[in-house]
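New to this one? Take a moment to look it over, and then we'll walk through a few of its features together.

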Amino acid sequence: SSGPHRLLYGAPRDLALGLRAVLPDGRAIRVGGKTVKNVAGYDLTKLFVGSLGTLGLIVEATLKLRPLPEEERTLVLLCRSLEHAGEVVRRVLGSADIIPAALELLDERATALIGGRLGLALGSGPVLVVALEGFSEEVSGQESRLRALAPGSLVEDGAPLWRLLTDGLRSGLVARAGVPIAVVARYLEAAGKAAAAHGVNCPGVAGAGSGLVRLFPKTQGGDPDALVAFLKEARSLACHAGGYLVLEEAPLLIKGAVNVWGDPVDALPALGKIKSVFDPQGIMNPGRYLGGI
């Protein structure tokens with residue numbers, strides 16, 4: 001799993017240079033190494049990191065580290081609409097002078113919820129939460145350029161805000177959609193309309209620079225039928241946009257009605273063959289992964 005700062009630092013698998021794993025038959029193997037350029041052929045490090053324990057147990061990892069930045073600032077940009085937010089995102093990502101460490105887009109429901117919990121006046125529309133990190137002079141210059149794109153306010157201590165964006169909205173049901181960066185704002189808006197049509201309250205937070213959208217749907221009485229109908233429509237919208245939707249967290253009742261991973265993918269036969277090589281007896285985390293692997 002990754003959080004908002006994935007935009008600058010990458011996902012966990014990008015930070016794993018090498019690892020030691022124990023296979024189902026008890027053998028220990030080492031893959032990767034201790035330097036950045038250490039792989040020739042198949043990248044087994046990323047394979048193991050993304051396998052959810054279905055190939056073997058990772059018992060040791062060598063990770064790439066970065067120095068702590070000299071200065072960190074969190075800026076909240078107020079947007080008139082999700083369409084306006086999308087335009088600001090395009091200008092930020094297209095700028096050679098602004099390099100955000102994180103760029104999170106909150107719809108109006110998430111904005112109200114997080115603003116209320118932190119006691120911040122974030123307005124009634126969507127907002128962009130931007131993390132700037134680096135040398136002080138560099139961060140100050142980027143902040144000035146950001147303020148020229150949209151009204152904003154500086155959050156003195158951004159740590160509680162980032163914690164809320166990472167974990168604070170979870171309530172037992174979390175859907176994660178991956179869509180092209182260019183349509184993140186449109187997808188967030190479409191998902192919100194779909195939720196309202198099904199009587200579902202669904203705050204949404206999107207990694208505007210990564211294309212990852214997390215939805216936190218719930219109903220007043222916990223109506224499972226409404227939640228299932230919404231999740232299926234949200235998945236359809238994501239697939240139509242060229243993406244996907246998976247369930248990060250869900251009660252068993254919802255899992256029984258909505259496939260956690262979505263429709264089978266073309267790569268499923270290849271994944272099955274890889275599983276049979278590393279775990280021919282099928283004893284490692286059976287049924288946990290895509291296609292019941």
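## Cysteines on their own

Let's start with cysteine 79, which counts as buried because its relative accessibility is just 8%. Keep in mind that this is a predicted model. The closest cysteine sulfur to that of cysteine 79 belongs to cysteine 202, and at 19 Å it is too far away for a bond.

Cysteine 239 isn't in a disulfide either: the nearest cysteine sulfur, again that of cysteine 202, sits 16 Å away. Is cysteine 239 buried, exposed or partly exposed? With a relative accessible area of 40%, cysteine 239 is partly exposed. Search the whole structure and you'll find zero disulfides.

## A strand covered on both faces

Next, find strand β9, which spans residues 204-207. Both of its faces are covered. Gly204 and Ala206 are buried on one side, while Val205 and Gly207 are buried on the other.

Which strands does β9 pair with? One is β5 (residues 102-106), which runs antiparallel to β9 and is joined to it by three bridges. Here leucine 106 stands opposite valine 205 of β9. Another is β10, also antiparallel, this time with four bridges. In that pairing, alanine 206 has valine 213 in β10 as its bridge partner.

The strands β9 and β10 form a hairpin with four residues between them. Look out for glycine 211 in this hairpin, where phi takes a positive value near 85°.

## The largest pocket

Now for some open space. The largest pocket holds about 1,200 Å³. How many residues line the largest pocket, and which come closest to its centre? There are 32 lining residues, and those closest to the centre are Gly50, Leu52, Arg176, Trp261 and Tyr289.

Several elements help build the wall. At least two lining residues each come from α2 (12-15), α3 (44-49), β10 (212-215), α9 (224-240) and β11 (244-249). So β10 turns up again: this strand pairs with β9 and also supplies part of the pocket lining. The largest share, though, belongs to β11, with six residues.

What is the lining like by class? It has 16 nonpolar residues, along with 12 charged and four polar ones.

Terms used
Residues numbered from 1 in each chain as written. Predicted model: local features only at pLDDT ≥ 70, side-chain atom pairs only at ≥ 80, totals over all residues. Heavy atoms only, no water. 1 Å grid on protein atoms, 1.4 Å probe; cavity = no way out; pocket = protein on both sides within 12 Å on 5 of 7 lines; lining within 4 Å. Points joined across faces, edges and corners; volume = space filled by probe spheres on them. Nonpolar A, V, L, I, M, F, W, Y, C, P; charged D, E, K, R; others polar. Disulfide = S-S within 2.5 Å. Buried < 20%, exposed > 50% of the residue type's maximum accessible area, 1.4 Å probe, protein only. Pairing = 2+ DSSP bridges.
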